[in-house]
Amino acid sequence: MSTPSLLILPGDGIGPEVMAEVRKIVDWFGKKRDLAFDVSEDLVGGAAYDAHGAPLSDATMARAQEADAVLLGAVGGPKYDDLDFSVKPERGLLRLRKEMDLFANLRPAQCFDALADFSSLKRDVVAGLDIMIVRELTSGIYFGEPRGIVQEGNERVGVNTQRYTESEIDRVARAAFELARRRGNKVCSMEKANVMESGILWREVVTKVHAESYPDVELSHMYADAGAMQLCRAPKQFDVIVTDNLFGDILSDCAAMLTGSLGMLPSASLGAPMANGRPKALYEPVHGSAPDIAGQGKANPIACILSFAMALRYSFDKGEEADRLERAVEAVLAQGARTPDLMGPEGGAPISTTEMGDAVLDA
Ligand code: ATP
Ligand code: MG
């Protein structure tokens, strides 16, 4: 088997800072665990615009299509605020997602015991929480036609269209059931079948995919509003939640706050299987380029480190190594290592981005 390839796109702001810590860990796996990657680095976002006048060059796009996995830091920053929309840093990321056809966005919400007091909820509601939200990413109301602001008589009307095809629902449902089999074997599908046609079809297709291909997985359905309530009341009842683009956007941000800091949250966006059977995949921290702290050694590298752990699990089939890395993160947090974003009211001395990366590496 050839060496698996990993394309690293550090991007802008704190992106390169947190990625430098991940790079140490990637290299460690090569040296100590005999898990070598063919790593290449390239530009995306403002960094790519500065170099080529475009937030993602055709050459970089082609490399992303070839790679077994892409790991991205963050894009954007105030320096690029006045650029034309067509070359904004964010467009580089959007192009990657669109051309790789990444339809399943995975957002885990995992609560490390050492940080349980950071949650917006009581400790016992979130301690040990480990759920995964699968959000459909390429369709739904954000993309449906017709859309626009149109004149109707003497007033204007804002129009968006919620639209889902059977095949779009089918493929994201399969992604969710596959994931559930590797986790707690439970899927809760959320829509609004009580008031939306797309919700009726969603429930129908998910039920059919389940009966035909995944009868071993436990399936339940919830209206998305009730789901939001349950997520805030008793989140540990869930394992995998699968939902559409709009509800997923909202529910995953809600779930994020169950766990504390933005600096802790990884994500994966998966597409169709490649020749090797693994999905096309882009891994990135949930946070942005954080211009307010860029260049100061204050960024928490854990979100990006955990994004690499997801890559180990879902793109390289190295679940045990992913567990190893997650346990290292848990251990350093338990020892009290804290970047400034993780400082609680009890105070103490924060450590830097590099020190956090080194601590994880040591663990
Ligand atoms: P984007 O539009 O790119 O999503 P944003 O404006 O929503 O960006 P972020 O760039 O994620 O937001 O930053 C939001 C806040 O969270 C900022 O105050 C930032 O400093 C903080 N933050 C984000 N990521 C981290 C991190 N890894 N470590 C520490 N603080 C962070
Ligand atoms: Mg944001």
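By class, the shell around ligand 1 splits into 6 nonpolar, 6 polar and 2 charged residues. The classes work like this: Ala, Val, Leu, Ile, Met, Phe, Trp, Tyr, Cys and Pro are nonpolar, Asp, Glu, Lys and Arg are charged, and the others, Gly among them, are polar. That shell holds 14 residues, and the closest are Gly 263, His 287, Gly 288, Asn 300 and Asp 341. A residue joins the shell if its C-beta atom, placed from the backbone, lies within 6 Å of the ligand.

A word on the model before going on. It is predicted, so local features need pLDDT of at least 70 and side-chain atom pairs count only at pLDDT 80 or more, while totals for chains, interfaces and linings use all residues. Residues are numbered from 1 along each chain as its sequence is written, and chains are lettered from A and ligands numbered from 1 in the order in which they are written.

**Asp 341 by the ligand**

Asp 341, one of the closest residues to ligand 1, sits in the loop between helix 11 (319-334) and helix 12 (353-362). Helices here are DSSP runs of H or I with at least four residues, strands are runs of E with at least two, and both are numbered from the N terminus. Leaving aside neighbours within four places in sequence, Asp 341 is in contact with Ser 261, Gly 263 and Asn 300; contact means that the C-beta atoms, placed from the backbone, lie within 7 Å. Gly 263 and Asn 300 also turn up among the closest residues to the ligand. Asp 341 and Leu 262 are 79 residues apart in sequence, yet their C-alpha atoms are 8.5 Å apart in space.

Is Asp 341 buried or exposed? With 19 other C-beta atoms within 10 Å, Asp 341 is partly exposed. The scale calls a residue buried at 20 or more other C-beta atoms within 10 Å of its own, exposed at 12 or fewer, and partly exposed in between, with C-beta atoms placed from the backbone.

**Helices 8 and 9**

Helix 8 (residues 224-233) and helix 9 (residues 245-259) pack with their axes 10 Å apart, at an angle of about 10°. That makes the two helices roughly parallel. The axes are lines fitted to C-alpha atoms, for helices over the stretch in contact, and angles run from 0 to 180 degrees between N-to-C directions. Under 35 degrees counts as roughly parallel, over 145 as roughly antiparallel, 65 to 115 as roughly perpendicular, and the rest as oblique. Helix 8 brings Ala 224, Gly 227, Ala 228, Leu 231 and Cys 232 to the contact, and helix 9 brings Phe 247, Leu 251, Cys 254 and Ala 255. The tally for this contact is 8 nonpolar, 1 polar and no charged residues.

The UniProt annotation "binding site", from an unreviewed entry, covers Asp 225, Asp 249 and Asp 253. UniProt positions follow the numbering used here, feature names are shortened, and annotations may be inferred rather than shown by experiment. The three are spread over 29 residues of sequence but cluster in space, with a largest C-alpha distance of 14.3 Å. Asp 249 is in helix 9, and so is Asp 253. Asp 249 has 19 C-beta neighbours inside 10 Å and counts as partly exposed; Asp 253 has 13 and is partly exposed too.

UniProt also lists residues 5-360 as "domain: Isopropylmalate dehydrogenase-like", again in an unreviewed entry. That span is 40% helix and 22% strand, and its end C-alpha atoms lie 23 Å apart.

**Helix 4**

In helix 4 (residues 89-99), Pro 89, Arg 91, Gly 92, Leu 93 and Leu 96 are buried. These buried residues pack against helix 2 (46-52), helix 3 (58-66), strand 3 (69-74) and strand 12 (279-285).

**Backbone oddities**

Most residues other than glycine have a negative phi, and most peptide bonds are trans. Here are some residues with a positive phi.

| Residue | Phi | Place |
|---|---|---|
| Asp 101 | about 50° | just after helix 4 |
| Ala 290 | about 40° | loop between strand 12 and helix 10 (302-314) |
| Asp 317 | about 55° | loop between helix 10 and helix 11 |

Ala 290 is buried, with 24 other C-beta atoms within 10 Å, whereas Asp 317 is partly exposed, with 14.

Which peptide bond is cis? The one from Glu 145 to Pro 146, with omega near 0°. Pro 146 lies in strand 6 (residues 144-152).

Technical notes. Two residues are in contact if their C-beta atoms, placed from the backbone, lie within 7 Å.
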